[in-house]
Amino acid sequence: QVRLVESGGGLVQAGGSLRLSCAASRIIFRVNPMGWYRQAPGKQRELVARITSGGSTDIADSVKGRFTISRDDAKATVYLQMNSLKPEDTAVYYCHTELTNNWGQGTQVTVSS
């Protein structure tokens, strides 16, 4: 069974930075496109960033220029670097594997004003 474990969330002031990690196991990581999603209270889950197996990326307009997604296939880990954080970035962040459609348990990110 695929396992995804997110880490790196926390409380940060507006303008600060966080780096989320998602470690995958029991999966052929290198062939999987990976995504980071977020869900704020009362809102639908939305795609934040996506990276293909070849390293091409798609970033949501709301975070473009502030967030970067990357992957380390040797470590079976995908990262989300979040800079210039805003209170509206507050949400639970989830990683997702596209080919197997698995989700991690989520990590809370809270940005205070």
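**Entry 1: a salt bridge to start with**

I began with aspartate 89, which forms a salt bridge with arginine 38; their closest N and O atoms are 2.9 Å apart. I then looked up where the two sit: aspartate 89 is in the loop between strand 8 (77-82) and strand 9, and arginine 38 is in strand 4 (residues 34-39), so the pair ties together parts that are 51 residues apart in sequence. A reminder to myself that this is a predicted model.

Are the two partners buried or exposed? I found aspartate 89 buried, and arginine 38 buried as well. For arginine 38 the relative accessibility is 7%, and the cut-off for buried is under 20%, so the label fits.

**Entry 2: a second partner for arginine 38**

Next I checked glutamate 46, whose side chain meets that of arginine 38 in a salt bridge (2.7 Å, N to O). Glutamate 46 is partly exposed, with a relative accessible area of 36%. I also noted a backbone relation here: glutamate 46, in strand 5, is the bridge partner of arginine 38.

Which residues make up the network of salt bridges? I wrote down Arg38, Glu46, Arg66 and Asp89. In the whole structure I have seven salt bridges.

Another of them links aspartate 58 and arginine 50, with 3.7 Å between the closest N and O atoms. Aspartate 58 is partly exposed at 45% relative accessible area, and arginine 50 is partly exposed at 22%.

**Entry 3: strand 4 and its neighbours**

I stayed with strand 4 and asked how many of its six residues are buried. The count is five, so I have put the strand down as mostly covered.

Strand 4 pairs with strand 5 (residues 46-51) in the antiparallel sense, over five bridges. The two form a hairpin with six residues between them, and glycine 42 in the turn has a positive phi of about 80°.

I looked up strand 9 too: strand 4 pairs with strand 9 over six bridges, again in the antiparallel sense. In this pairing methionine 34 stands opposite threonine 97 of strand 9. A general point for the margin: strands of a sheet pair through backbone hydrogen bonds, either parallel or antiparallel.

**Entry 4: the four-stranded sheet**

I turned to an open sheet of four strands, with the order 1-3-8-7 and antiparallel pairing. Why is one side of strand 1 (3-7) and of strand 7 (67-72) left without a neighbour in the sheet? These two stand at the edges and each has a single partner strand, so one side of each has no neighbour there. On average, neighbouring strands of this sheet are turned by 15° against each other, direction ignored.

Strand 1 and strand 3 (residues 18-25) run antiparallel and are joined by five bridges. Within strand 3, alanine 24 stands opposite leucine 4.

I picked serine 21, also in strand 3, for a closer look. Serine 21 counts as buried, at 17% relative accessibility. Leaving out residues up to four places away in sequence, I listed the contacts of serine 21 as Val5, Glu6, Ser7, Trp36, Thr77, Val78 and Tyr79.

**Entry 5: a nonpolar patch on the surface**

My last check was the surface, where Ile28, Val31 and Leu99 make a nonpolar patch of about 290 Å². I placed leucine 99 in the loop between strand 9 (91-97) and strand 10 (102-103). Leucine 99 counts as exposed, with 59% relative accessibility.

Conventions
Residues numbered from 1 in each chain as written. Predicted model: local features only at pLDDT ≥ 70, side-chain atom pairs only at ≥ 80, totals over all residues. Heavy atoms only, no water. Pairing = 2+ DSSP bridges. Axes fitted to C-alpha atoms, helices over the stretch in contact; angles between N-to-C directions. Buried < 20%, exposed > 50% of the residue type's maximum accessible area, 1.4 Å probe, protein only. Contact = heavy atoms within 4.5 Å. Patch = residues over 30% accessible without salt bridge, like charges linked within 9 Å, V, L, I, M, F, W, Y side chains within 5 Å. Areas by Shrake-Rupley, 256 points an atom, 1.4 Å probe, with all protein chains shown as cover. Salt bridge = Lys/Arg side-chain N within 4 Å of Asp/Glu carboxyl O.
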